[in-house]
Amino acid sequence: MRYLCLKVLTFFCMSYGAFAADITVKVLDKNNKPLADMVVYLESKANISLPLNENIVEVGQFDRSFTPYISVMQLGNKVNFKNKDDITHHIYSPIGENKFSYKISAGQSQIKSDFEQAGEVAMGCNIHDWMSGYLLIVDTPIFGKTDKKGQLNLTVQHSGEYKLVVWHPQLDALDNRFYQQVQLSEDKTITVKLDNKILKISEQKNEEDFDFLSDY
């Protein structure tokens, strides 16, 4: 009886691809140099319901810039826009279903929990127009950003075929993305080599030496 139960459990796990594997992703440029702050995420090709993580993503405003410049979150998560400066910011994103506009006083925060769709959210500040930042919303819990070595560790709970996506707002490619199909059935290291350029990021700096407008 015990042997039969073990066989049934083994069959169930094999049938539904339930397992855990550690996936290391390395992102390099065409000269094999590591690329930091590249968003990497995995989308299952099978009809698998993946869980929602409970993380609250913090997008700060500090020294009159968005910190970090690039943030990533799962659709359904909350975002905490936190003003760490001693002046007011009026942050906004004007386009699409995820548009928003918040005036945030010094030291205050604004929580947003109603982003409606996955995609890229470009952010700015109505007061400090040199400020720019990006929030990528993905419909998967398997995501992250590469470190200074161009590496990222991900854990997958189901074997099978996945679409690996690399994104950066300055990646000179269609939709700023690179796609690769991968088969995952065990611990694995995946090296992504990008031939596309990473365009220069606009300098987050005040060029006119003003802090805020009088009506704020």
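This is a short walk through the structure, one selection at a time.

**Whole chain**

Start with everything on screen, and keep in mind that this is a predicted model. The protein chain has 1 helix and 16 strands, and 41% of its 216 residues count as buried. If you look at contacts between residues at least 6 apart in sequence, 64% of them join residues at least 24 apart. The accessible surface of the chain comes to about 12,600 Å², and 48% of that belongs to carbon and sulfur atoms.

**Colour by confidence**

Now colour the chain by pLDDT. The average is 89, and 87% of the residues score at least 70. Which element has the lowest mean pLDDT, and which the highest? Select residues 2-16 for the low end: that is helix α1, with a mean of 42. Then select residues 89-93, strand β7, for the high end, with a mean of 98. Go back to residues 2-16 for a second look. pLDDT stays under 50 there, and the model has 2 contacts for this stretch beyond four places in sequence.

**A sheet of four strands**

Next, select β12, β2, β14 and β15. These 4 strands form an open sheet in the order β12-β2-β14-β15, with antiparallel pairing. Find the edges: β12 (143-145) and β15 each have a single partner strand, so one side of each is left without a neighbour in the sheet. Neighbouring strands here are turned by 20° against each other on average, ignoring direction.

Zoom in on β14 (residues 160-167) and β15. They run antiparallel and are joined by 8 bridges. To see one facing pair, show K163, which stands opposite Q181 in β15.

Stay on β14 and pick E161, which is found in this strand. Is E161 buried or exposed? Something in between: E161 is partly exposed, with a relative accessible area of 37%. Not counting residues up to four places away in sequence, E161 touches E43, S44, K45, A46, Q181, V182 and Q183. Try the distance tool on E161 and V182: they are 21 residues apart along the chain, yet their C-alpha atoms are separated by 5.8 Å.

**The turn after β15**

Follow β15 (177-184) to S185, in the loop between β15 and β16 (188-194). S185 counts as exposed because its relative accessibility is 52%, and the cut-off for exposed is over 50%. Leaving aside neighbours within four places in sequence, S185 is in contact with F19 and S159. Show A20 as well: A20 and S185 are 165 residues apart in sequence, but 8.8 Å apart in space, C-alpha to C-alpha.

**Into the core**

Time to look inside. In soluble globular proteins, nonpolar side chains tend to be buried together. Which residues of the largest nonpolar core touch the most other members? Select L42 and L164; they hold that place among its 21 residues. β1 (18-29), β2 (39-44), β13 (151-158), β14, β15 and β16 each supply at least two residues of this core. The largest share, 4 residues, comes from β1.

Centre the view on L42 and show its surroundings. Beyond four places in sequence, the contacts of L42 include T140, I142, L154, V156, Y162, L164, V182 and L184. Apart from this core lies another, of 19 residues, and you can find it by selecting M73, V121, C125 and I127, which are among them.

**A second sheet**

Move on to β4, β3, β6 and β9. These 4 strands form an open sheet in the order β4-β3-β6-β9, and the pairing is mixed. The edge strands are β4 (65-67) and β9 (109-112), each with a single partner, so one side of each has no neighbour in the sheet. From one strand to the next, the twist averages 20°.

Strand β3 (residues 56-62) pairs with β4 in the antiparallel sense over 3 bridges. Show Q61 here, which stands opposite F66 in β4.

**Backbone oddities**

Most residues other than glycine have a negative phi, and most peptide bonds are trans. Here are some exceptions to click on.

- D63, in the loop between β3 and β4, has a positive phi of about 55°. D63 is exposed, with a relative accessible area of 51%.
- T67 and P68 are joined by a cis peptide bond, with omega about 0°. P68 sits in the loop between β4 and β5 (70-74).
- D175, in the loop between β14 and β15, has a positive phi near 60°. D175 is partly exposed, at 47% relative accessible area.

Methods:
Residues are numbered from 1 along each chain as its sequence is written. This is a predicted model: local features need pLDDT of at least 70, side-chain atom pairs count only at pLDDT 80 or more; totals for chains, interfaces and linings use all residues. Side-chain values use heavy atoms; hydrogens and water are left out. Buried means under 20% relative accessible area, exposed over 50%, partly exposed in between (1.4 Å probe, protein chains only). Contact means heavy atoms within 4.5 Å. Two strands pair if DSSP finds at least two bridges between them. Axes are lines fitted to C-alpha atoms, for helices over the stretch in contact, and angles run from 0 to 180 degrees between N-to-C directions. A nonpolar core is a set of buried Ala, Val, Leu, Ile, Met, Phe, Trp, Tyr and Cys residues joined through side-chain atoms within 4.5 Å. pLDDT is the predictor's confidence in each residue, from 0 to 100. Accessible areas come from the Shrake-Rupley method with a 1.4 Å probe; for residues, only the protein chains shown count as cover.
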